[in-house]
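Visitor: Could you take me on a close look at the sheet in this structure and at what surrounds it? I am a first-year student, so please go step by step.

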Amino acid sequence: SKMAAATNTESIKVWGNCGSCKARIEKTVKVDGVSKAAWDAKTQMLTLTYDPAKVKVDDLQKKLAAAGHDTQLIKADDKAYGALPGCCKYDRKK
């Protein structure tokens, strides 16, 4: 029988506002190796369950920043942030 792949669960802070943000954030990190992604608008926390052999959380944070969402490690560039729909423009920390 094949051993189940080891998975890690980790929560990272990802800034966003609304249901559209939730959909975008979760879709952005649903890559091969990520089995679960759930973002909570109240806490701004994204909980990931992933296979560390396939996925690095830093890379996921880069993808989120590229999609316009600041994370605890990486700030989205102004152009990516500016491309978000109005309802998704969260308050950015200075």
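Guide: Gladly! In this predicted model, three strands form an open sheet, and their order across it is β1-β3-β2, with antiparallel pairing. The edge strands are β1 (8-13) and β2, each of which pairs on one side only. If you ignore direction, neighbouring strands of the sheet are turned against each other by 15° on average.

Let us look at one pair of strands. β2 and β3 are antiparallel partners, and six bridges link them. Two of the facing positions are easy to find: K36 stands opposite T49 in β3, and D40 stands opposite M45 in β3. Together β2 and β3 make a hairpin with four residues between them.

Now pause at the turn of that hairpin. Q44 sits in the loop between β2 (34-40) and β3 (45-50). Its phi is near 60°, a positive value in a residue other than glycine. Here is some background for that: most residues other than glycine have a negative phi. Is Q44 buried or exposed? Q44 is buried, because its relative accessible area is 12%, under the 20% cut-off.

Next come the helices that lie against the sheet. α1 packs on the sheet and touches β2 and β3, and its direction makes about 160° with that of β2. α2 lies across β1, β2 and β3, running at about 35° to β1.

With the sheet and these helices in view, look for the nonpolar residues. The largest nonpolar core has 22 residues, and L46 and L48 are the ones with the most contacts inside it. The elements giving two or more residues to this core are α1 (19-29), β2, β3 and α2. α2 supplies the largest share, four residues. A general tendency is worth knowing here: in soluble globular proteins, nonpolar side chains tend to be buried together.

L48 is a good residue to zoom in on. Setting aside neighbours within four places in sequence, L48 is in contact with N8, T9, E10, I12, V29, V34, K36, A37 and L60. You have already met K36 on this list, as the residue opposite T49.

Now follow the chain beyond α2, into the loop that leads to α3. D70 lies in this loop between α2 and α3, and so does T71. Q72 belongs to the loop as well, between α2 (57-66) and α3 (78-82).

How buried or exposed is each of them? D70 is buried, with a relative accessible area of 2%. T71 also counts as buried, at 2% relative accessibility. Q72 is partly exposed, because its relative accessible area is 44%, and partly exposed covers the range between 20% and 50%.

What do these residues touch? Leaving out neighbours within four places in sequence, D70 is in contact with K13, V14, W15, K75, A76, Y90 and R92. With that condition again, T71 is in contact with K13, V14, W15, Q61, L64 and K93. Q72 touches I12, K13, W15 and Q61, not counting residues up to four places away in sequence.

Two polar features are worth finding on your screen. The side chains of T71 and Q61 are joined by a polar contact of 2.6 Å. A polar atom of the Q72 side chain lies 2.9 Å from the backbone nitrogen of K13. Q72 also shows how folding brings distant parts of a chain into one place: Q72 and V14 are 58 residues apart in sequence, yet 6.5 Å apart in space from C-alpha to C-alpha.

One last stop is the cysteines. How many disulfides does the structure hold? The structure holds zero disulfides. For C21, the closest cysteine sulfur is in C88, 3.6 Å away, so the pair is too far apart for a bond; the cut-off for a disulfide is 2.5 Å. C87 is in no disulfide either, and the nearest cysteine sulfur, that of C18, is 3.9 Å away. C21 is buried, with a relative accessible area of 0%, whereas C87 is partly exposed, at 46%.

Key:
Residues are numbered from 1 along each chain as its sequence is written. This is a predicted model: local features need pLDDT of at least 70, side-chain atom pairs count only at pLDDT 80 or more; totals for chains, interfaces and linings use all residues. Side-chain values use heavy atoms; hydrogens and water are left out. Buried means under 20% relative accessible area, exposed over 50%, partly exposed in between (1.4 Å probe, protein chains only). Contact means heavy atoms within 4.5 Å. A polar contact is a pair of N or O atoms within 3.5 Å; within protein, one must be able to donate a hydrogen and the other to accept it, and residues adjacent in sequence count only if both atoms are side-chain atoms. A nonpolar core is a set of buried Ala, Val, Leu, Ile, Met, Phe, Trp, Tyr and Cys residues joined through side-chain atoms within 4.5 Å. Two strands pair if DSSP finds at least two bridges between them. Axes are lines fitted to C-alpha atoms, for helices over the stretch in contact, and angles run from 0 to 180 degrees between N-to-C directions.
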